[in-house]
There are 2 protein chains.
Amino acid sequence: MLEVAPTDQASDTRRRILDAAEQIFADFGYAASGMKMIAAEAGVAQASLHYHFESKEGLYEKVVERRTAAINSARRSALEGLVAQDRSNDLEAILDALFRPALSPEAGGVNYARILAAMSSASKGRDVELVRRYYDDIAHHFIEVMARAVPPHDRRAAAWAYSYSIGALVSQMAHTGRSERLANEAPEQSDFEKRLRRLVRFCAAGIREVMVEEAESGAAN
Amino acid sequence: MLEVAPTDQASDTRRRILDAAEQIFADFGYAASGMKMIAAEAGVAQASLHYHFESKEGLYEKVVERRTAAINSARRSALEGLVAQDRSNDLEAILDALFRPALSPEAGGVNYARILAAMSSASKGRDVELVRRYYDDIAHHFIEVMARAVPPHDRRAAAWAYSYSIGALVSQMAHTGRSERLANEAPEQSDFEKRLRRLVRFCAAGIREVMVEEAESGAAN
DNA sequence: GTCTATATTTAGATAGAC
DNA sequence: GTCTATCTAAATATAGAC
């Protein structure tokens with residue numbers, strides 16, 4: 001028994017706190033969430049949160065970190081699968097690899113999706129830094145792949161189209177229920193594959209359009 | 001002099017408070033913004049905020065209300081202009097009417113845009129209610145117009161495509177600087193018309209794709 | 001209508017027993 | 001490692017002079 005391994009009880013407490021924090025942060029946002037709320041949700045003393053994560057800030061970062069690794073690792077695996085299948089130029093498949101791990105109920109869950117949606121809309125402060133730290137690498141990777149897949153292979157146009165696509169994705173991840181309300185659908189009427197496919201087709205068409213247009217109008221900005 | 005008209009001084013104070021609140025709410029988000037901060041930014045006593053707006057909640061709603069009216073009124077005017085010009089089926093022009101008032105520096109300003117971006121990513125609570133109150137009518141209006149403009153005129157498909165488009169729009173309104181970073185551009189290098197046109201083309205292509213696809217796969221969900 | 005001063009509540013964080 | 005109890009700072013909101 002090495003001492004690097006925490007006790008089973010401590011490990012379980014950490015996980016329970018992370019789950020509770022994810023839930024509370026998703027529901028109320030970072031600033032409006034209280035450490036007392038999180039402690040109550042987790043069923044532990046408030047002091048336990050500070051013992052394991054030091055501060056509210058530290059707890060928040062760990063909540064984000066836990067999910068990000070899983071999502072981006074799934075994205076990279078999916079991309080590698082495409083290369084192995086010689087489908088590197090299949091834009092719809094590329095977007096599927098980008099969106100599916102983020103929308104999937106398994107990888108992260110809807111609570112983390114809501115946290116990410118809030119992070120993405122921030123224009124300054126901690127959330128901007130977290131987006132950069134956890135998502136810029138994967139973004140550059142996908143932009144490069146998209147630029148190679150779609151003629152005339154304009155990397156800058158691909159970057160803008162990528163940003164629009166992430167915007168559309170994030171708006172769907174948050175699950176505000178607004179899309180269904182506007183479409184006159186029951187909140188859970190549309191199944192996952194259908195939603196994913198619709199979003200993929202929307203973005204693929206937009207990406208092709210922007211990349212062609214950008215080339216037509218010249219490289220100057 | 002009727003007493004319904006407030007004094008010039010009071011009217012100016014109200015406006016200064018609204019401007020300051022808009023700035024602070026945009027920078028820190030609702031929960032992390034303090035009434036003391038806002039009072040300091042406006043150069044008035046904190047008590048003055050409560051005198052004019054009663055509570056933090058009331059102040060926030062007035063901040064949102066002030067800009068929303070201007071934006072949506074500009075959108076409706078632009079749509080009417082299209083009808084008058086017999087361009088009701090010009091999808092790019094319709095999207096221009098939808099996006100321009102929201103992205104324009106005059107109508108609202110970048111601070112309000114950031115507040116709206118935060119509101120749009122909320123999945124429960126006050127912000128969801130505000131989005132519904134201030135933006136559902138105009139959304140239904142534009143969805144109807146889009147459905148009429150694009151064959152095969154599927155209203156439900158138009159609603160989903162509208163949601164994606166708003167997601168892409170909002171991600172750009174927040175001006176996080178991330179798009180420019182990913183595209184390797186200086187933050188203020190790209191001019192307004194160029195950005196607007198690129199976003200319009202992206203969404204127009206996506207909308208056409210989704211509406212055709214939806215019709216091909218049948219009406220069943 | 002605007003101010004200073006303060007009441008009241010709640011936040012994040014810590015001390016110390018077990 | 002987990003708890004109870006508490007500290008200190010900061011929040012919203014209010015009272016009352018001018």
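Before we look at the DNA, a word on classes: Ala, Val, Leu, Ile, Met, Phe, Trp, Tyr, Cys and Pro count as nonpolar, Asp, Glu, Lys and Arg as charged, and the others, Gly among them, as polar. What you see above is a predicted model, in which local features need pLDDT of at least 70 and side-chain atom pairs count only at pLDDT 80 or more, while totals for chains, interfaces and linings use all residues. Residues are numbered from 1 along each chain as its sequence is written, chains are lettered from A and ligands numbered from 1 in the order in which they are written, and side-chain values use heavy atoms, with hydrogens and water left out.

Let me start with DNA strand D. The residues of the surface near this strand (one heavy atom within 4 Å of it) divide into 7 nonpolar, 9 polar and 2 charged, and the largest share, 4 residues, comes from H3(A), helices here being DSSP runs of H or I with at least four residues.

Turning to polar contacts, that is, pairs of N or O atoms within 3.5 Å, a polar backbone atom of B:Met35 is 2.8 Å from a phosphate oxygen of DNA strand D, and a polar side-chain atom of B:His50 lies 3.3 Å from a phosphate oxygen of that strand. For B:Lys36, by contrast, an N or O atom in the side chain is 3.4 Å from a base oxygen.

Now to chain A, which an automatic or database assignment divides into domain 1 (1-54) and domain 2 (65-216). Between these domains the count is 3 salt bridges, each a side-chain nitrogen of Lys or Arg within 4 Å of a carboxyl oxygen of Asp or Glu, and A:Glu22 and A:Arg67 meet in a salt bridge at 2.7 Å, N to O.

Notes. A polar contact is a pair of N or O atoms within 3.5 Å; within protein, one must be able to donate a hydrogen and the other to accept it, and residues adjacent in sequence count only if both atoms are side-chain atoms. Helices (H or I, at least four residues) and strands (E, at least two) are DSSP runs, numbered from the N terminus.
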